[in-house]
Amino acid sequence: MKNKIINKSILVSLLTLNTFIFPFTSRAVETSAELHKVDQSGSYGFSVAIGDNFFNEQAFNWQVSYNRIEEVNITWNNDDIDFSLDTIDVGLSYRYYPKSYNKFVNSLMVEFQVGTGIVVTENKFTWPDLQEEKYFSEQGDINPFLKFSIHKSLSRSTTMFLGFKHYPSYSEFDDISSVFIGFNYNFGKQDGY
């Protein structure tokens, strides 16, 4: 129940930020949703994001997203423990738009993103017999990530994309990678590709 309240408050915060701050400096706001298959068996996740370009430069963009990964496993003291990981990711990206006489190639875009994930919820395990606690991640931990995706334009305002995301080190969980599929939708005026 507590996680659902936290998740709803994060989503409301992102929407409020979008509504009250970004329209004054943005021509268009890009929203996206992603489904992730994480590199551990049985682990999966999702992301919802808002973003825009910098200074009307189509190639340079920012993005803020809420991410949740379920059933991430860690082994500690011979116990296998599953956790859910919640982060707010802040990223900067470069987008490359190939030019060609081929209509399909012109509908593609390649995106490279770098950023940081800020942990929202702590993950700890308590061993009652040993009266011991272990924190695997704490609120406020900052973990860098890299992201690569290929987008296919479906219309002037909608794209579908496939990609790969990698946290080289996620607190005590070591590295975490995922492949994902998602959709973007642009609100407002945009240049299109």
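The paragraphs below lead through the fold, the salt bridges, the polar contacts and the surface patches of this structure. The model is a predicted one.

The protein chain contains two helices and ten strands. Read from the N terminus, these elements follow the order α-β-β-β-β-α-β-β-β-β-β-β. The chain has 193 residues, of which 46% count as buried.

Charged side chains offer a starting point. Side chains of opposite charge can pair when their charged atoms come close. The structure holds six salt bridges. Two of them share Arg68: one is formed with Glu70, where the closest N and O atoms are 2.5 Å apart, and another is formed with Asp86, where the corresponding separation is 2.8 Å. Asp86 belongs to strand β4 and Arg68 to strand β3, so this pair ties together parts that lie 18 residues apart in sequence. Both Asp86 and Arg68 are buried. Arg68 has a relative accessible area of 10%, and Glu70, at 19%, is buried because the limit for that class is under 20%.

Strand β4 takes part in a further salt bridge, in which Lys165 pairs with Asp89 and the closest N and O atoms are 2.5 Å apart. This pair links distant parts of the chain, since Lys165 lies in strand β9 and Asp89 in strand β4, 76 residues apart. Lys165 is buried at 5% relative accessibility, and Asp89 is buried at 2%. Elsewhere, Glu30, Arg95 and Glu111 are joined in a network of salt bridges.

Uncharged polar side chains make contacts of their own. Gln113, placed in strand β5 (residues 108-119), has a relative accessible area of 6% and is therefore buried. Its side chain makes a polar contact of 3.4 Å with the side chain of Gln63. Asn61 is found in strand β3 (residues 57-76) and is likewise buried, with 6% relative accessibility. A polar atom of the Asn61 side chain lies 3.5 Å from the backbone nitrogen of Asn53. Asn102, by contrast, is partly exposed, with a relative accessible area of 39%. Asn102 sits in the loop between β4 and α2 (103-106), and its side chain reaches the backbone nitrogen of Val105 at 3.1 Å.

The surface carries patches of two kinds. A patch of negative charge is formed by Glu71, Asp79, Asp80 and Asp82. Strand β4 (residues 79-96) gives the most to this patch, contributing three residues. Asp82 is located in that strand and is partly exposed, with a relative accessible area of 48%.

The other patch is nonpolar and covers about 750 Å²; Phe60, Tyr94, Tyr96, Phe112, Phe148, Ile150, Phe164 and Val179 make it up. Strands β4 and β8 (142-153) each supply at least two of its residues. Phe164 comes from strand β9 (residues 158-167) and is partly exposed, at 39% relative accessibility.

Strand β4 thus recurs throughout this account: it holds Asp86, a partner of Arg68, and Asp89, the partner of Lys165. The strand also contributes to the negative patch and to the nonpolar patch.

Technical notes: Residues are numbered from 1 along each chain as its sequence is written. This is a predicted model: local features need pLDDT of at least 70, side-chain atom pairs count only at pLDDT 80 or more; totals for chains, interfaces and linings use all residues. Side-chain values use heavy atoms; hydrogens and water are left out. Patches are made of residues with over 30% relative accessible area and no salt bridge: like charges are joined within 9 Å, nonpolar side chains (Val, Leu, Ile, Met, Phe, Trp, Tyr) within 5 Å. Accessible areas come from the Shrake-Rupley method with a 1.4 Å probe; for residues, only the protein chains shown count as cover. A salt bridge is a side-chain nitrogen of Lys or Arg within 4 Å of a carboxyl oxygen of Asp or Glu. Lys and Arg count as positive and Asp and Glu as negative; His and the chain ends are not counted. The place of a charge is taken as NZ of Lys, CZ of Arg, CG of Asp or CD of Glu. Helices (H or I, at least four residues) and strands (E, at least two) are DSSP runs, numbered from the N terminus. Buried means under 20% relative accessible area, exposed over 50%, partly exposed in between (1.4 Å probe, protein chains only). A polar contact is a pair of N or O atoms within 3.5 Å; within protein, one must be able to donate a hydrogen and the other to accept it, and residues adjacent in sequence count only if both atoms are side-chain atoms.
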